[in-house]
Number of protein chains: 6
Amino acid sequence: MRILVVNPNTTASMTDKACIAAQRVASADTEIVAVTSQHGPVSIEGYYDEAMAVPGMLQAIQSEKDFDAVVIACFDDTGLDAARCITNKPVIGIGEAGYKVASMLSNKFSVVTTLARSVPALEHNLMKYGMERQCVRVRSSEIPVLELEHDGDTAAKKIGLEIEKALAEDRAEAIVLGCAGMVDLADKLSEQFSIPVLDGVTCAVSLCESLVRLKMSTTRQGGYAPPPEEKIKDLTQIYCS
Amino acid sequence: MRILVVNPNTTASMTDKACIAAQRVASADTEIVAVTSQHGPVSIEGYYDEAMAVPGMLQAIQSEKDFDAVVIACFDDTGLDAARCITNKPVIGIGEAGYKVASMLSNKFSVVTTLARSVPALEHNLMKYGMERQCVRVRSSEIPVLELEHDGDTAAKKIGLEIEKALAEDRAEAIVLGCAGMVDLADKLSEQFSIPVLDGVTCAVSLCESLVRLKMSTTRQGGYAPPPEEKIKDLTQIYCS
Amino acid sequence: MRILVVNPNTTASMTDKACIAAQRVASADTEIVAVTSQHGPVSIEGYYDEAMAVPGMLQAIQSEKDFDAVVIACFDDTGLDAARCITNKPVIGIGEAGYKVASMLSNKFSVVTTLARSVPALEHNLMKYGMERQCVRVRSSEIPVLELEHDGDTAAKKIGLEIEKALAEDRAEAIVLGCAGMVDLADKLSEQFSIPVLDGVTCAVSLCESLVRLKMSTTRQGGYAPPPEEKIKDLTQIYCS
Amino acid sequence: MRILVVNPNTTASMTDKACIAAQRVASADTEIVAVTSQHGPVSIEGYYDEAMAVPGMLQAIQSEKDFDAVVIACFDDTGLDAARCITNKPVIGIGEAGYKVASMLSNKFSVVTTLARSVPALEHNLMKYGMERQCVRVRSSEIPVLELEHDGDTAAKKIGLEIEKALAEDRAEAIVLGCAGMVDLADKLSEQFSIPVLDGVTCAVSLCESLVRLKMSTTRQGGYAPPPEEKIKDLTQIYCS
Amino acid sequence: MRILVVNPNTTASMTDKACIAAQRVASADTEIVAVTSQHGPVSIEGYYDEAMAVPGMLQAIQSEKDFDAVVIACFDDTGLDAARCITNKPVIGIGEAGYKVASMLSNKFSVVTTLARSVPALEHNLMKYGMERQCVRVRSSEIPVLELEHDGDTAAKKIGLEIEKALAEDRAEAIVLGCAGMVDLADKLSEQFSIPVLDGVTCAVSLCESLVRLKMSTTRQGGYAPPPEEKIKDLTQIYCS
Amino acid sequence: MRILVVNPNTTASMTDKACIAAQRVASADTEIVAVTSQHGPVSIEGYYDEAMAVPGMLQAIQSEKDFDAVVIACFDDTGLDAARCITNKPVIGIGEAGYKVASMLSNKFSVVTTLARSVPALEHNLMKYGMERQCVRVRSSEIPVLELEHDGDTAAKKIGLEIEKALAEDRAEAIVLGCAGMVDLADKLSEQFSIPVLDGVTCAVSLCESLVRLKMSTTRQGGYAPPPEEKIKDLTQIYCS
């Protein structure tokens, strides 16, 4: 099967990192097609970036024709609902994936993300997914997204400090790392703290494989009903030409 | 004061209707500046339209320099959080406004909107605003948005049928009309059913006046912290040139 | 228009303070009619005071005939539901007003009120209004209501300490001051902490102006249905003669 | 022990009925002291009546000196929180008692009360007590409170119809009768429908006996801290002389 | 009346302690029949013990024929729902009892239990009972259950430290002790901290007396419908012979 | 990898059906090891059966040594939390799996299960998993579990009727079949109603594959901490020899 991993920001090095991680967990017969959004913000830190990233991300999905499932590789699940309207193939956000996997391994977990400004958007998602009780707290490590690309050690240290607090104060039994850029830190931190430390990219790839094997498709009734084709054509022209 | 009423879809006749309604409730010293988004969907019916409308709407706000508050004239409060990041002037969505006014006049209310496909997005908003208990049910009248522009009588009839059900089954004490295009029906329906029937456009304009008189501005801390200026400049260029 | 600002406690100096604040934000054509309850507690600190204040407050409303809206100037929204039964004019409590304005300016806010004994009543209100998630915490500064009248400086200092904690621990993006007696501190604290610090009196006056301009009245169906006139007459005689 | 059963409305025949029911379930060594409020509404139907009943009810409690626990014999638990501030003896409302007993006998229950106007106040209580999930629905039989005194047969029939609906539509496993005036119908309806049908008066008396045997008293910390004695003296003079 | 107090673990000394406490609060005409489960874990600390304790506990109930109500004397309310299916006599868990009594004496309470591993199971119960808001926090004192049997002084000290934190951090107005083995500490701690400190065993016995006096039985409709007799016979044979 | 599919009831034909379904979706390199509990109820319909099934089911898990993940093949997720304590391999219940997959394909779904008596247990699970909002309603088709084995056509018809109601009344966008015995009906019903109709067995197997590929294990901290080995040995002897 072919799984499309879309990076909704335009920083190709983050796409590469996500791709490597995705390939690591993918089955032998799964091809990872990693694409970088062609127009939008270089990083997604808060509501504005998130909103401005969606048309570019939807275009990236639409310009790929041949895939079996889509992973949205940004932890605030940028444009997830809109993407589910334009394809009946399963679409999973990496935030959603991280929360759902954590909820099958622990009673309670905490999230460690990048900046405080991103926290309210994540909290809205948790509420939407019904995860507001199992997720005790969304913690910010105050590492900007792009710094994760350049200074992994400092990042690991800051994130480690927040994990310590999550264990002591939140009684978290697992940790979800709250940024696609942290994908390479999960294993090390998991070992260091002897609890599951999850990264959303790998979780989402693997859940996509599940949905494809189950031959599942996104419902076409209600909120995810496809928009009229003409509308899609018009809008694609406006934003993506 | 100057209140910017942004129609996030590109149908100018809806902007005109909203403008007239806005002027009707505005104070004598309030100027209504109604603008139509220059690129995006002709109507907003569900998640995809909503997402594709945001960059055009944000650009419409950014291209106006001189205003004291912003009304987002689409009932799913398209891009509300993003808009609050790019200006510290108060920004109110007409869905939010309708719910909050209804909550000050009744114990419980129901919403009557256009299509079933729009319902889940509204339900997510209600949860985000903490209105999921006071709003008993979001009902759809199965009138497409643009039909409201052409056949007001049929629309009024269909909406009336849903209001009857809301009174009998939901024990609603007030009704919020769930589309900017229904703005001209509120008074008539209110009289017909002897309960408050609210339209979001007028509610939002009036709440904006309040916030301006209170000299309030949107917080700059946390989730609504302004993005770096450079990012805004870059993104504006991408989408809006 | 004429807005009735009712102080449900019997301390006239608090009424005066509320009146001055109300006039400051009122429109030129709005007349503020501030009245002090004629019998009841000198301050409202907890459930007992609250309950004993209501008949006097309702009488104060009933003895005024000519008004367009009512503000209940006590932060626990004393008798709000009962007041909505005896007049179809909009009635807004200052707690309710503070919360609702804060919810349009921030993702999350905290309340700083007077005494710990008042906290549970406020928490019940927040739950009733659906604000229990957007309001992170109700903090008490341990300043008795009447001390606010005599020692504003100490009060401002104690409240400032709680705001600091709200920023650090609650990640509050705005603050609502939890007592009518704090009305004169809002602007200074807002400037000091660079976030919106709201006082309920001014918020309520301005929201009342909105509702009046919108020609809104409280629903007469369901929980706010007016009691039989005879009952009102009888009860008014019992308590208020 | 002596249990004070306070009827917060002024209709003595309802007090008598409650007293008889109370005595039926009371232990041999329990004395029921039933008192009727001396000033306030003749029946409590909605927010206004409820508010106007409280000072009279509190006075009724204060004028009795020798009791071990208090039952507030109105289904909307009129003034319950205020009463807990003026005595450290256990105080239980009959609504609260009915809900809590039902929650120990069934997974889910529904309430059948008198008028639609009383429903929102009951729903607020259910939320406050955390019973909003176990109580599926508050149903109104549209029988005015005082009609229960005069036409028991019609009342039983109307209530029976609502119980049928509760079984079919709400999947209720038990029913709580939502008015002190229905106390004599519980056993018959319970037999007729083969499920527990509870009346709050008897439940509250029995729970009071429990609390007294457990030597429990209401907390004096936080929201139920006693008001200063002087305040109580002053206020008692105002309303109750 | 005869109240069956079942200790679902197999440690007889805990049964004895519970029995003494039960007798202390029982009415003169109530006989306490304390039984120890004949097979299952020696203590219940977490999900596994809980699950393994249930068949033994149900057998202990089934082998007693003559009783009027059942108390399940383990704080995680082991097998409560299953027990309600096999007898129509009232069945109350000591956790449930502690929470419900606390909720009639205070606005908010905290729980102090034994080990951290037991906390999630208690939190699930609180959610099921609708007590997740009134119970601010479940605190663990890190005392293993059986240590309570041997070193009461150390236990009292550790529990006292958690109560101090509950007062300061949770603004708890009452405390519920979260283990049957703490039954003898409640009075002393209550006096020491001047707030209600509840133990579930005595609360449950007293609530059972109430339900019996009210002639209440568990509903036979819905989730507590009795299983077919044959099934019960078969299963009893499997586990309990 | 080897996935253990445990049928917690003792009806081998249901195990066979689950095994066939599991194999259908499993990857080529996954071996399905289906085991039937050796002692416990023949079907699980409600709380009592559920409780009596757990020791047998845990023994079935413990007697298999070589597996990578466990599926609990009963829709009420019998003993899920206990099972997570005795192995660090991922354990997933088929109810949990069905809900979580449905939540990634639709905004809202409904459940169609067997008997009304099973509904409350499922509703408690939904609350525990945070799925109480996305799952609109748990519907019972009044087909006993074992009838599913013998009369598939009648079952399909009754279930179809409930799906129709779920679409019309609940606005469900997907359906989760609420019994392991319905596993062979999902595809047909999905086609018939043009929406995703999910069966939990296949969902759980596929999610297990995901967790294994992700090299995930259940947390050993907090509520899922392993019990002392001695305790496990003792209890295994008691119930399972």
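Two strands pair if DSSP finds at least two bridges between them. The exercises below apply this and related criteria to a predicted model.

**Exercise 1. Strand β7 of chain B and its neighbours**

Task: Determine with which strands β7(B) pairs, and in which sense.

Solution.
Step 1. Begin with strand β5 (residues 109-113) of chain B, which is joined to β7(B) by five bridges in the parallel sense. The criterion of at least two bridges is satisfied by these five bridges. Within this pairing, Val176(B) of β7(B) has Val111(B) opposite.

Step 2. Turn to strand β8 (residues 197-199) of chain B: three bridges link β8(B) and β7(B), again in the parallel sense. One of the residues to locate is Ile175(B), whose bridge partner in β8(B) is Val197(B).

Step 3. Trace the connection. From β7(B) the chain passes through helix α8 (residues 186-193) of chain B and arrives at β8(B), a β-α-β crossover that is right-handed.

**Exercise 2. The surroundings of β7(B)**

Task: Decide whether the two faces of β7(B) are covered or open.

Solution.
Step 1. In a regular strand the side chains alternate between the two faces of the sheet. The residues are therefore to be sorted by face before burial is examined.

Step 2. One side of β7(B) carries Ala174(B), Val176(B) and Gly178(B), and the other carries Ile175(B) and Leu177(B).

Step 3. Apply the cut-off for burial, under 20% relative accessible area. The residues on both sides are all buried, and both faces are thus covered.

Step 4. Conclude for the strand as a whole. Because five of the five residues of β7 (residues 174-178) of chain B are buried, the strand is largely enclosed by the rest of the structure.

**Exercise 3. How chain F meets chain A**

Task: Establish how chain F and chain A are related, and describe the contact between them.

Solution.
Step 1. Superpose the copies. Chain F falls on chain A with an RMSD of 0.0 Å after a rotation of 180 degrees, and the shift along the axis is 0.0 Å. The two copies are therefore related as by a two-fold rotation axis. Both copies use the same surface, since 100% of the contact residues of chain F recur in chain A.

Step 2. Locate the axis. The residue of chain F that comes closest to the rotation axis is Gly130(F), with its C-alpha at 2.2 Å.

Step 3. Describe the extent of the interface. The size of an interface is often given as the accessible area lost when the parts come together. Between chain F and chain A about 3500 Å² is buried, and carbon and sulfur atoms give 57% of this area. In contact are 44 residues of chain F with 44 residues of chain A.

Step 4. Examine individual residues. Ser206(A) belongs to helix α9 (residues 200-213) of chain A and touches Ser210(F), Arg213(F) and Leu214(F). With 1% relative accessibility, Ser206(A) counts as buried. There are four salt bridges between chain F and chain A. Glu209(A) forms a salt bridge with Arg213(F), with 3.7 Å between the closest N and O atoms.

Step 5. Compare with a pair of chains that do not meet. Chain A and chain D share no contact, and their closest C-alpha atoms are 16 Å apart.

**Exercise 4. Salt bridges between and within chains**

Task: Describe where the partners of the salt bridges Arg213(C)–Glu209(B), Glu96(D)–Lys100(D) and Glu162(E)–Lys165(E) lie.

Solution.
Step 1. Recall the principle. Side chains of opposite charge can pair when their charged atoms come close.

Step 2. Take the first pair. The closest N and O atoms of Arg213(C) and Glu209(B) are 3.7 Å apart. This pair crosses between chains, from helix α9 (residues 200-213) of chain C to helix α9 (residues 200-213) of chain B. Arg213(C) and Glu209(B) are both buried.

Step 3. Take the second pair. Glu96(D) and Lys100(D) approach to 3.6 Å between their closest N and O atoms. Both are in helix α4 (residues 94-103) of chain D, four residues apart, which is about one turn of the helix. Glu96(D) counts as buried at 1% relative accessibility, and Lys100(D) likewise counts as buried at 1%.

Step 4. Take the third pair. The N to O distance between Glu162(E) and Lys165(E) is 3.3 Å. Because they are three residues apart in helix α7 (residues 152-169) of chain E, about one helical turn separates them. Glu162(E) is buried at 12% relative accessible area, whereas Lys165(E), at 37%, is partly exposed.

Technical notes
Residues numbered from 1 in each chain as written. Chains lettered and ligands numbered in written order. Predicted model: local features only at pLDDT ≥ 70, side-chain atom pairs only at ≥ 80, totals over all residues. Heavy atoms only, no water. Contact = heavy atoms within 4.5 Å. Least-squares fit on C-alpha atoms with pLDDT ≥ 70 in both. Buried < 20%, exposed > 50% of the residue type's maximum accessible area, 1.4 Å probe, protein only. Right-handed = clockwise from strand over helix to strand, strands pointing away. Buried area = accessible area lost by both parts, 1.4 Å probe. Salt bridge = Lys/Arg side-chain N within 4 Å of Asp/Glu carboxyl O. Lists of a residue's contacts leave out its neighbours within four places in sequence.
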